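Student: Please take a close look at one part of this structure: the charged pairs. Start with how far the model can be trusted.

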Amino acid sequence: MDVSIAKARSETYSALALDFARPQEGLEAEYARLFVGPGRPVANPYEAVYVEGRVMGDCTLAVRQCYAEEGLAAEDHFLPDHVAVELEFMAQLAEREVEAREQGDEAGALACLRQEEAFLREHLGRWLPSFCQQVLAGDAHPFYANLALRTWKRVAQDIAQVRAWLREAEPTSEESGWMVAVGSDCTMCGLCARHCPQKALSLTQEKGDVCLFFDSALCDGCAACQQWCPERAVTVELSAGAEGRGVLLMTSPQIICSGCGQAYLSAALLAQIQQRAAGDDERLASRLTLCPACKASSPITSLLKED
C-alpha cells in the first residue's frame, strides 16, 4: 500500500474525530442536543451504551487497555470509548503505519494494519452504525447528518480495505478466506443477509426451519453483517481453513401464525421480541405470535387492563 494512502486515512480519521470532539461555531446548541444533553442525548457517543446498554462498561475498560498498550490515553473530558477518541486512535494507528512505511519497516507497517483491523472489528465497527443511524434519525442539522454519513462510510470502507491489504500481505494458504460465525445471541432476524453486498449470507426456509447459510466463495470480508447485527452476534475473520459454499451457520424452528396458520418468523426472533416487549404479560406475548396481517385485523382492546 502506498504511503500516501495511509497518510490520507490518518488525516481523514483525525478530521472526523475533531468534528465529534467539539461543536462547530454556531452549532453549539445542536451539538449539545445530539451528543451531550441536558437530558438524554439523541445519539449517545459512547460505545458501552450500544454494546452494554450503559455508560462506562467492560468495553470502556477494554478500549482504555488498547490505548495503554500503545502508550496513549484518552482526553480527560471524555471516557475512552467516546466516538471522537476511538476515531483519533485509528488516526494515530494509521500515522504509525505511515512512519513505518517511510522508514521501510514493512513488518512494523503490517503490525499496525493488524492493530487497525482488530480495533475496527472489536470496537469501532461494532457500534458506529447504530450511533450514526441515531444521528440521522434525530433530525440532525445537515452538518452533523453529513458527518454521520461520512464517518459511517469511512469505517465501512476501511474495514474492507484493511482486511484486503492483510489478506494480500499475509496469504496463509491457497484455501484461506473469510469466515462468518454467529453466536448464541443470534435471533435469525435476517439483517446480516439483507445488508450483505456480496450476497454471501442468505436466510431460507427449510422444512419448517429458518436457516442462515454462508458462502465463503462470495465473502470479501467487508463485515457489513457484523456492523448491522443488533445483537452483536456476528463475527468475520480470516481463516486458513475456510469452508466452501452453503455452510449452515444457524437454524431455528419457524413460528406458525396462531391466526392464519402461515409461517412468518423464527422461534429465536419471537422469543427475543416477547422477552423485550411483553415481559410477563401473557396476553401480549400471545398476540406477538400473530403475523402482521392478523395483528392488523385482530382487535387490540382485549389487551387493555380493566380497572
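Student: What pLDDT does the chain average? And which salt bridges does R22, R54 or E122 form?

Tutor: This is a predicted model, in which local features need pLDDT of at least 70, side-chain atom pairs count only at pLDDT 80 or more, and totals for chains, interfaces and linings use all residues. Residues are numbered from 1 along each chain as its sequence is written, and side-chain values use heavy atoms, with hydrogens and water left out.

The chain averages a pLDDT (the predictor's confidence in each residue, from 0 to 100) of 84. At least 70 is the score for 90% of the residues. Over residues 301–307 the pLDDT is below 50. Where pLDDT is low, the predicted coordinates should not be read in detail.

Now the charges. A salt bridge here is a side-chain nitrogen of Lys or Arg within 4 Å of a carboxyl oxygen of Asp or Glu. The count comes to 15.

R22 pairs with D19, with the closest N and O atoms 3.5 Å apart. D19 is buried (under 20% relative accessible area; exposed is over 50%, partly exposed in between; 1.4 Å probe, protein chains only) at 13%. R22 is partly exposed at 32%.

R54 bridges to E52 at 3.2 Å. R54 is partly exposed at 41%; E52 is partly exposed at 27%.

E122 bridges to R121 at 3.5 Å. R121 is buried at 18%, while E122 is partly exposed at 44%.

Salt bridges also link R9, E97, R101, E106, E116, R154 and D158 in a network.

Terms used: Contact = heavy atoms within 4.5 Å.
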